[in-house]
Amino acid sequence: MREGFYQEERDAFVEEVLSMLLNGVEKPILSNSFAHLKNIDKEVGKLIETKVRLALTEKDAHVTAVI
């Protein structure tokens with residue numbers, strides 16, 4: 001990805017994958033997805049993993065606060 005995509009394309013890819021993974025994908029599949037993404041591009045895979053985990057943490061905190 002580093003050599004085949006421009007920065008704007010990588011950013012769009014990250015946002016697209018992020019939206020898909022946050023749309024109800026369960027934890028075992030998330031772990032597999034992170035591993036596959038890191039095999040393709042370590043930095044992009046790590047970025048996606050970090051963003052997904054942060055979003056899920058924020059979502060859990062919001063649900064807890066509402067309850």
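These legends go with a few views of a predicted model.

**View 1. The whole chain is built from helices, three of them, with zero strands.** Here helices (H or I, at least four residues) and strands (E, at least two) are DSSP runs numbered from the N terminus. Going along the sequence, you get α-α-α. Of the chain's 67 residues, 22% are buried, where buried means under 20% relative accessible area, exposed over 50%, and partly exposed in between (1.4 Å probe, protein chains only).

**View 2. A look at helix α2, residues 27–40.** With 14 residues at 1.5 Å each, α2 should span 20 Å, and its end C-alpha atoms sit 20 Å apart, so the two agree; the expected span is 1.5 Å times one less than the number of residues. Leu 30, Ser 33, Phe 34 and Leu 37 are the buried residues of α2. They take up an arc of only 100° around the axis, so they lie on the same side of α2; the arc is taken from the directions from the helix axis to the C-beta atoms. Over on the other side of α2, Pro 28, His 36 and Asn 39 are exposed.

**View 3. Close-up of the one aromatic pair in the structure.** Phe 5 and Phe 13 meet edge-to-face, 6.2 Å centre to centre with 85° between the planes. Rings of Phe, Tyr and Trp (its six-membered ring) pair if their centres lie within 6.5 Å; planes under 30 degrees apart are stacked, over 60 edge-to-face, the rest tilted. Phe 5 is partly exposed at 33% relative accessible area, and Phe 13 is partly exposed at 26%.

**Notes.** Residues are numbered from 1 along each chain as its sequence is written, and side-chain values use heavy atoms, leaving out hydrogens and water. In this predicted model, local features need pLDDT of at least 70 and side-chain atom pairs count only at pLDDT 80 or more, while totals for chains, interfaces and linings use all residues.
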